[in-house]
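This briefing concerns a ligand shell and the helices and strands associated with the fold. Please consult the sequence and structure shown here alongside the text.

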Amino acid sequence: MQNQAMHQPSLRSVPDCEVAVVGAGVVGLTLAALLSRANVRTALIDTQPPASTVTAEHDLRVFAVTRASERVLSAANAWPHIARSRHGVIRAMEVWDEKSPGRVHFDSALIAEPALGCIVEQQVLRQALEQAVAGLPALISRRPAALRGWETAGDRLTLELDGQPPLSARLVAGADGTDSRVRGLAGIGLRREEYAQTALVCNVVTEKPHDDVARQRFLGAGPLAFLPLDQPCLCSIVWTTTPALAGRLANVAAESFRAELALAFDHRLGAVTHCGPRAVFPLARAHAEAYVRPRVALAGDAAHVVHPLAGQGANLGLLDAAALAEVIIDAISAGRDPGALHVLRRYERWRRGENVLMQGVMDFFHLLFGSTCEPVRALRGVGLNLTDRLPLLQEFFMRRASGLTGDLPRFARGQVN
Ligand SMILES: Cc1cc2nc3c(=O)[nH]c(=O)nc-3n(C[C@H](O)[C@H](O)[C@H](O)COP(=O)(O)OP(=O)(O)OC[C@H]3O[C@@H](n4cnc5c(N)ncnc54)[C@H](O)[C@@H]3O)c2cc1C
């Protein structure tokens, strides 16, 4: 009896894992892959079971993946799977405005890069990350299981999971999306504002080929983007507009939708000859009041949501995952507690500033291109044309949009550990 009593505390003194990642979306999967590849014992928890296949049908949800994200995904060992799968390449970008004569064309050749980024379907990205984490000895998968709550004692938390036994960890990383349970349990507030805009997404076939160019036209009610997919005439469209118009467009007959879409896009790729299912996403901006608490860190949409007009949401989340992994790995290799607040503050200082900046830039473009004021319209036309004529300014924008500048984590600079 006495032996047992003495034995149990010593068993409890070793947590099941160093880090429990809650949420196996692209951000959580990437964080779990980076940590467990560095031999940090990591648990991955999600309400959904792992996705097992990529369907023949193209996914409605796609991500414009920057070069920096490509490096993070390479460090996670997911990029080789994506490179072998369906994806579109962005060789150039073209942006123009309905209400002014402004136009700008960015070509990756100007920054001596083969591409500015890629368009990857959500199902392809998730599947690649699942392949990257499969069989990693340092990874404990608890899926499906929902996080219900936790108790803190000393240097660890014990997580209560619905449908799975409890799990102890020194740090819980919340990558559980906009309605983050981790954020709620940690008592971290969220500042959220609606944009009064809805994004309609759909995959379409056009008369003319996209030539690996991502195109965006700014209309009065919001931008309309055609993103190149793997087939020459296949694009994913993101049409940001008023909730009323998006609701109507989502429900009109396919033929009328195709005609309205081609017209709104100024017939830049000719007629729209086919369209797949349509889905709508009401848009909001949100930022958590803090990214960390003792033994808690937030990443991805759990920490921030930005306007999708430049396709940066998941890219910011992947940089969060890379920065948080770096901070945790460095702390563990220096013999420090990865859940200690002063360790986590480094992550918060690093990523919060970058994300606030990007959210500000997105809001600036949202206001600039949404304005109906004549002098502002004239100014944005001049701005677009000026950018088109100044290679240095173009280079600056392209490097920033590709994620090749800024205070990058080492996984985003091409280092693998
Ligand atoms: C129309 C539109 C277009 C976009 N286009 C782009 C783009 O081109 N490029 C780009 O970078 N970004 C884009 N984004 C943004 C991007 O979709 C998000 O930023 C990204 O998907 C967030 O990923 P995440 O892993 O943080 O969260 P999520 O993908 O929301 O994953 C959260 C995970 O947590 C799990 N979970 C939730 N609660 C619990 C719980 N209690 N217990 C256990 N698990 C839980 C969920 O099942 C889910 O798997 C776009 C967004 C929209 C709306």
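The points below cover the ligand shell, helix α9 and strand β14.

The model is predicted: local features need pLDDT of at least 70, side-chain atom pairs count only at pLDDT 80 or more, and totals for chains, interfaces and linings use all residues. Residues are numbered from 1 along each chain as its sequence is written.

**Ligand shell**
- The ligand is surrounded by 32 residues, each with its C-beta atom, placed from the backbone, within 6 Å of the ligand; the closest are G25, G177, G300, G311 and G313.
- The shell comprises 16 nonpolar, 12 polar and four charged residues, where Ala, Val, Leu, Ile, Met, Phe, Trp, Tyr, Cys and Pro count as nonpolar, Asp, Glu, Lys and Arg as charged, and the others, Gly among them, as polar.
- Elements that each supply at least two shell residues include α2 (26-37) and β12 (190-206); helices (H or I, at least four residues) and strands (E, at least two) are DSSP runs, numbered from the N terminus.

**Helix α9**
- With four residues, α9 gives the most to the shell.
- Of the 21 residues of α9, 19 are buried, that is, 20 or more other C-beta atoms lie within 10 Å of their own, with C-beta atoms placed from the backbone.
- G335, just after α9, takes a positive phi of about 80°.

**Strand β14**
- Seven of the seven residues of β14 (residues 222-228) are buried, so this strand is largely enclosed by the rest of the structure.
- β14 runs antiparallel to β13 (residues 213-219), joined by five bridges; strands pair if DSSP finds at least two bridges between them.
- A hairpin through five residues joins β14 to β15, and L227 stands opposite S236 in β15.

Methods
A residue is buried if 20 or more other C-beta atoms lie within 10 Å of its own, exposed if 12 or fewer, and partly exposed in between; C-beta atoms are placed from the backbone.
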